[in-house]
Amino acid sequence: MKEVKVRHSKLENTTFRKVSLIVMILVAITCLLPFVLMISASITSEKELINEGYKFWPKTVSFETYKYLWAKRETIGRAYLMSILVTLVGTLTNLVITSLFAYPLYRKDFKPRNVVAFILFFTMLFSGGLTASYIIWTEMFHIKDTVWALILPNLLMGAMNVLLVRNYYSSSIPESIIEAARIDGASELRIYARIMIPLSKPVLITIALFAGMAYWNDWMNGTYYIKNPMLNTITVYLNNVMNNISFLKQKNSITEGLNIGEMDLPSVGVRMAIAFTAIIPVIVVFPFIQSKLIEGVIVGGVKG
Amino acid sequence: MSQEKARIKGNSKRQNHAPLYLMLLPGLAYLIVNNYLPMYGLTIAFRKLDYQKGILRSPIVGFQNFEFLFKTKDAWIMIRNTVGYNIVFILLGIVVAVTIAIFMTEIGKMKVAKVIQPIICFPNMISIIVISYLVYAFLGTNGFINNTILGGQGISWYRESKYWPVILTIVHFWQVAGYSSIIYIATMSGIDAELYEAAKLDGANKMQQIFHITLPLIRPTVILMLLMSVGRIFNSDFGLFLQVPMNSGMLYPTTQTIDTYSYRALMELNDVGKSSATGVFQSVLGFALVVISNLIVRKVDPDSALF
């Protein structure tokens, strides 16, 4: 009897609930509207865009921009492939290094683990910053204008992720399993590959998603280290286009929408089309991974 | 006999940690290169550059670079902007995130929440470069605001610095509001439902429930988040301040932060001295603040302390 009553009151539509619903729907729409504007601008005819500006509902629909993108597939497609390559290689390497590093930290019988944990942890407290990091990577390791510049700096292994994996190991893999495997003669590497990895899949998926997002969206490494357009990722390409435009605008040498041959600036609509293409993978993947990402934030936030 | 041999073997294996060291190797190497060498790299700020010897071998001269840096007007502007924006972002951020979390918790049982939740987190998944394109679609010469809302007699948004504190605040919250509410939603979901039932029986309305149950119970999370962001008060969201204003020089008075200054000094002016001086300023103060705020966290909520 009592339970029925409670349940009833839970489903009750109070005024506050209605207000919450309306507010949250408005927030959600606000989150989506800019993307609608971008997509609609990318399929508006160039003429309309220049004369009437960006609108949510184009009068004259044209797919010229996407045809243009296809025609320019050598530069844009190349940047796109570079993004994919960097994201894949970076994420996989990150996953291996992070999960390997977390394993000795998890082993209580590994005496130096406190020292190592401190070495790791200290990087969360103190950082040399971007300038010092840039000088080290370029002066000592000469990664400027190499593909390594897109993969190595900052994104390859983060202390937060290592701790996330270590905590997962500790909370869900009892050390007695490891002990048993060792008595059976399993090597450490075998234990890592056959026990730790399969048993920690959920957290590994989460950190792979974090790393994958970070690589796909990264623009800093490209802006700092890459001058050779052959190595552009899609975000760096977009960034260069924008910089060229604002550079020219500051010199007042063009009006918007004019295409000048020399710098080969994509037109207004095309720019939006490229930006949209750059987020398609995120749009496609996000619905499937969002619950994992949210879980990761909660675990990371609470522990961190 | 053979059993004992096996045990000895097992024991000796336990002592042999070489494979474990080997597993640490790639990560340690990376930490040294990516994190510890740059800490050494901070010494650049105290050197007078001599390109013949190389940046890292230039002679140490003391605080010259800092003197140069703090003699400029830029120093005051960038520190003011960085701290100012951060204070607004932190304080308003807590209000916004907690409010969204309360609303989301309220509709949490409805099916539509499962659609809204990912949508409001989505902007946080997008590269700031793409966001700067989105902002441009609204504010550019042909942008939506100038053409449709202001009816053609537009404002040159990218030339007027006075609008940017508002624009950047809106963009920031558009990007992070939903995502930053997650942690509060999680905390609220841990609150015992019976507390609300009891309050209802006592005749408490929704507002009273929020102010007397929800808010007091999420206070530790709020304080924790607050202290963690205070530790980063000299760090700005680099992408937001560099990309969204499109590097427009006219906007520097309100968009220049320590990070963008450091970037521009290094990449555009080739002024390694000033750039690395800002780096030291940021690293040292950041470290001090993290340690101090952690000491406070440890007092407030020992479980949440970083160390």
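Reader: Hi! How many of the residues in helix α13 of chain B are buried?
Author: Hello! Helix α13 (residues 258-267) of chain B is mostly covered, with nine of its 10 residues buried. Buried means under 20% relative accessible area, exposed means over 50%, and partly exposed is in between, using a 1.4 Å probe and protein chains only. Helices are DSSP runs of H or I with at least four residues, strands are runs of E with at least two, and both are numbered from the N terminus.

Reader: Which ones are they in α13(B)?
Author: The buried residues there are B:I258, B:D259, B:T260, B:Y261, B:S262, B:Y263, B:R264, B:A265 and B:L266.

Reader: Before I go on, what kind of model is this, and how do the labels work?
Author: Residues are numbered from 1 along each chain as its sequence is written, while chains are lettered from A and ligands numbered from 1 in the order in which they are written. This is a predicted model, where local features need pLDDT of at least 70, side-chain atom pairs count only at pLDDT 80 or more, and totals for chains, interfaces and linings use all residues; side-chain values use heavy atoms, leaving out hydrogens and water.

Reader: Thanks! What about chain A: how many helices and strands does it have?
Author: Chain A has 15 helices and zero strands. Of its 304 residues, 52% count as buried. Looking at contacts in chain A with a separation of 6 or more, 70% come from residues 24 or more positions apart. A contact here is heavy atoms within 4.5 Å.

Reader: Can you pick one residue from chain A? Say A:S83, where is it?
Author: A:S83 sits in helix α5 (residues 73-106) of chain A. Its relative accessibility is 3%, so A:S83 counts as buried. If you leave aside neighbours within four places in sequence, A:S83 is in contact with A:W216, A:T233, A:I234 and A:T235.

Reader: Cool. At what angle do helix α2 of chain A and helix α5 of chain B cross?
Author: The axes of α2 (residues 15-42) of chain A and α5 (residues 113-121) of chain B cross at roughly 40° and come within 9 Å. Axes are lines fitted to C-alpha atoms, for helices over the stretch in contact, and angles run from 0 to 180 degrees between N-to-C directions. α2(A) and α5(B) are therefore oblique to each other; under 35 degrees counts as roughly parallel, over 145 as roughly antiparallel, 65 to 115 as roughly perpendicular, and the rest as oblique.

Reader: Which residues make that contact?
Author: From α2(A) they are A:M24, A:I25, A:V27, A:A28, A:C31 and A:L32, and from α5(B) they are B:I116, B:I119 and B:I120. They divide into nine nonpolar, no polar and no charged. Ala, Val, Leu, Ile, Met, Phe, Trp, Tyr, Cys and Pro count as nonpolar, Asp, Glu, Lys and Arg as charged, and the others, Gly among them, as polar.

Reader: And how do α9(B) and α10(B) pack?
Author: α9(B) and helix α10 (residues 206-230) of chain B have axes 10 Å apart and an angle of about 160°. That makes α9(B) roughly antiparallel to α10(B). B:L195, B:Y196, B:A199 and B:K200 of α9(B) meet B:Q209, B:I213, B:T214 and B:L217 of α10(B). This contact of α9(B) with α10(B) has five nonpolar residues, two polar and one charged.

Reader: Is B:A199 buried or exposed?
Author: B:A199 counts as buried, at 13% relative accessibility.

Reader: New topic: how many aromatic pairs are there?
Author: The structure holds 36 over all chains. Rings of Phe, Tyr and Trp (its six-membered ring) pair if their centres lie within 6.5 Å; planes under 30 degrees apart count as stacked, over 60 as edge-to-face and the rest as tilted. The ring centres of A:Y224 and A:Y225 are 6.3 Å apart with planes at 45°, so this pair is tilted. B:F89 and B:F173 form an edge-to-face pair, 6.0 Å centre to centre with 75° between the planes. B:F89 is in helix α4 (residues 73-106) of chain B and B:F173 in helix α8 (residues 164-189) of chain B, so the pair ties together parts 84 residues apart in sequence.

Reader: Last one: what is the phi of B:M246?
Author: Phi of B:M246 is near 55°, a positive value in a residue other than glycine. Most residues other than glycine have a negative phi. B:M246 is in the loop between α11 (238-243) and α12 (252-255) of chain B, and is buried with a relative accessible area of 7%. B:N270 also has a positive phi near 55°, but B:N270 counts as exposed at 54% relative accessibility.
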